[in-house]
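Trainee: I've got this two-chain model open and I'd like a close look at a single part, the sheet in the second chain. Could you walk me through how it is put together, and then link it to the rest?

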Amino acid sequence: MNRFLQRWAVFAGLVVVWELLTWYADDPFFPRPTEIAVAAQGLWFSGPAGDLFLTDTVFDHVFPSVGRLFGGWAIAAVIGISLGVALGRSPAAAEYVGPLLTFMRSIPPPLLVPVFMLVFSVGTTMQLATIVFGVLWPILLNSIDGARSVDATKFETSAVFRIPKPQWILGVVLPSAAPKIFAGLRVSLSLSLVLMVVSELVGTDNGIGSQLLVAQREFDFPDMWAGIILLGALGYALNTVLLAFERKALAWQPKQERTPATVEEKAV
Amino acid sequence: MTAMLEVADLGHTYQAKDGAHTAIADLSFTVGTGELVCVVGPSGCGKSTLLRTISGLIRPTRGEISLHGNEVRGVPDDLAVVFQDYSRSLFPWLTVQKNVEFPLRRSLGRAARRTRAAEALEWVGLAEAGRKYPWQLSGGMQQRVAIARALAYRPALLLMDEPFASVDAQTRFELEDLLLKVRTEQDTTVLVVTHDIDESVYLGDRILVLSTSPASVVADLKVDLPAQRDQITTRESEAFVALRGEVARLLNVGKTSEEVRARRKANEQQAAKWAEAERAEASRAEAEERAGTT
């Protein structure tokens with residue numbers, strides 16, 4: 001309880017300050033937090049009891065958005081980890097595609113939205129493509145780095161015991177690379193949130209991003225702010241869940257090695 | 001006594017852009033079934049190359065190696081290695097029990113693996129530690145896990161690469177006695193590579209003394225000590241002292257003439273330079289091997 005208070009005291013304090021400031025300023029662009037809360041309640045939590053009080057907006061916009069976020073992230077994870085492990089264990093292949101990867105990851109993903117709109121036409125596919133292309137890199141590069149860093153003794157141990165290839169990849173390379181892969185997954189998850197919103201800003205009227213834009217265009221500022229706060233809460237929740245999962249998956253790590261692993265992207 | 005391992009006219013030369021390096025010149029020896037042979041040599045003399053050729057990780061440029069009569073091409077099916085660096089050779093994400101079971105997954109079902117691993121852990125006195133993770137154990141215990149893993153594999157030949165070089169002196173004595181105990185109980189054929197003269201005399205039935213690089217066998221000494229050895233009385237015995245003196249003389253230990261020192265230094269520099277080439281060759285050979293089998 002004490003720790004909980006400690007963690008949230010500053011947050012709560014700032015909300016109070018914000019409330020007082022906005023009350024004092026009385027500016028329509030900056031509604032009070034209480035107003036935002038009321039707007040949020042009206043937007044999302046005033047539905048029928050049968051739907052757990054969730055409104056249609058939640059079902060029509062929030063869930064699809066979150067679905068695309070997870071979908072894009074999951075596709076990127078599968079591609080990134082499998083490709084990364086393959087490249088990480090093959091120095092020659094990594095050498096060949098290194099410059100290509102560095103080039104591609106340098107392209108700001110939002111710029112590709114128009115390209116993907118042409119290629120995939122407007123809709124879920126284009127949005128998924130945007131997310132996948134944007135969040136693939138941290139996962140891929142971390143996986144390459146992790147797979148590459150399996151130490152020579154583990155390699156020789158596996159060779160001497162004639163560990164079959166699938167067991168070697170799944171039982172030695174993947175666990176060795178896991179801490180780095182998880183670091184990549186976390187960076188990518190927060191990026192997914194950004195790209196989900198970005199991909200919903202053009203050519204669609206579906207999703208949290210588009211709803212935010214609509215609210216802003218209609219000068220419905222409490223609704224707009226509510227959307228922003230929803231995104232923040234979503235990001236926080238996703239990170240917390242992934243972190244809990246990571247702790248569980250990497251529970252084997254010696255305590256002193258358990259870092260708040262945020263390995264930055266490394267160049268190939 | 002039949003020969004488990006036969007090494008005949010073995011030679012290995014590493015090729016690189018800026019020259020060639022002969023790590024092993026001309027090595028021939030045999031290890032009989034059930035024997036414990038220690039290979040002792042100065043650092044950088046090609047011991048690790050020898051170990052890698054026997055374990056099939058690299059193919060020697062000359063000569064032949066055969067294990068129970070079969071020529072070694074690629075890693076043999078029934079050979080296990082205990083490496084010096086236990087903290088790296090064990091898998092930290094697996095429990096002790098799972099570590100021992102890991103190499104058995106290829107050939108045994110779940111229940112059989114479990115009993116074999118438990119049995120091997122009991123041999124090394126770690127029956128209670130199966131559910132712990134390696135890093136929760138002391139260094140000496142971790143090396144015991146590595147030994148258990150090798151024994152559970154039921155190898156025809158157990159290779160040990162400086163197995164006790166990374167533990168403190170007290171633990172080293174314990175592990176030496178443990179090795180002697182299990183190898184008698186399990187009737188294992190063992191080849192121990194070490195740079196520790198006392199250890200080679202204490203452990204071995206025979207000692208192969210290697211020259212400086214390129215390695216060749218300088219002497220093949222029989223250890224005339226009773227099979228039952230004791231860290232205190234054996235080490236005090238005349239036979240022990242005489243033998244360790246002989247090995248030390250063969251290795252030029254303690255001679256600090258300018259010439260010897262210079263040669264030793266050059267040798268070590270060479271070794272450092274070619275350590276990389278060695279590893280690279282080992283992983284290349286391994287990759288080819290895998291490509292061939294899958």
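Mentor: Sure, let's start with the strand order. In chain B, ten strands make up an open sheet that reads E5-E4-E1-E2-E10-E9-E3-E8-E7-E6, with mixed pairing. Keep in mind that this is a predicted model. As for where the sheet stops, its edge strands are E5 (70-71) and E6 (79-82) of chain B, each of which pairs on one side only. Strands of a sheet pair through backbone hydrogen bonds, and that pairing can be parallel or antiparallel.

Now zoom in on one pair. E9 of chain B (residues 206-210) and E10 of chain B (residues 215-222) run antiparallel, with five bridges joining them. If you want a spot to click on, take Val209(B): its bridge partner in E10(B) is Ala219(B). There's a helix to bring in here too. H9 of chain B (residues 238-250) packs on the sheet, where it touches E3 (36-40), E9 and E10 of chain B. The direction of H9 makes about 165° with that of E10(B).

From the sheet, let's step over to the other chain. The contact between the two takes 27 residues from chain B and 20 residues from chain A. On the chain A side, the elements that give two or more residues are helix H7 (152-160) and helix H8 (165-199). H7(A) supplies the largest share of that side, eight residues. By residue type, the chain A side splits into eleven nonpolar, five charged and four polar.

H8(A) is worth following further, as it also has a partner inside its own chain. Its axis and that of helix H6 of chain A (residues 124-148) come within 7 Å and cross at roughly 160°. With anything over 145 degrees counted as roughly antiparallel, that crossing angle makes H6(A) roughly antiparallel to H8(A). The crossing of H6(A) past H8(A) is right-handed. In the contact of these two helices you'll find 16 nonpolar residues, eleven polar and two charged.

Last, a bit of annotation to hang on chain A. An unreviewed UniProt entry places "transmembrane region" at residues 7-25, 70-90, 111-140 and 224-245 of chain A. Take two of those in the model: over residues 7-25 of chain A the chain is 100% helix and 0% strand, and the end C-alpha atoms sit 29 Å apart. Over residues 70-90 of chain A, the chain is 90% helix and 0% strand, with 30 Å between the end C-alpha atoms.

Conventions:
Residues are numbered from 1 along each chain as its sequence is written. Chains are lettered from A and ligands numbered from 1 in the order in which they are written. This is a predicted model: local features need pLDDT of at least 70, side-chain atom pairs count only at pLDDT 80 or more; totals for chains, interfaces and linings use all residues. Two residues are in contact if their C-beta atoms, placed from the backbone, lie within 7 Å. Helices (H or I, at least four residues) and strands (E, at least two) are DSSP runs, numbered from the N terminus. Ala, Val, Leu, Ile, Met, Phe, Trp, Tyr, Cys and Pro count as nonpolar, Asp, Glu, Lys and Arg as charged, and the others, Gly among them, as polar. Axes are lines fitted to C-alpha atoms, for helices over the stretch in contact, and angles run from 0 to 180 degrees between N-to-C directions. Angles under 35 degrees count as roughly parallel, over 145 as roughly antiparallel, 65 to 115 as roughly perpendicular and the rest as oblique. A crossing is left-handed if the near helix is turned anticlockwise from the far one by less than a right angle, and right-handed if clockwise. UniProt positions are given in the numbering used here, feature names are shortened, and annotations may be inferred rather than shown by experiment. Two strands pair if DSSP finds at least two bridges between them.
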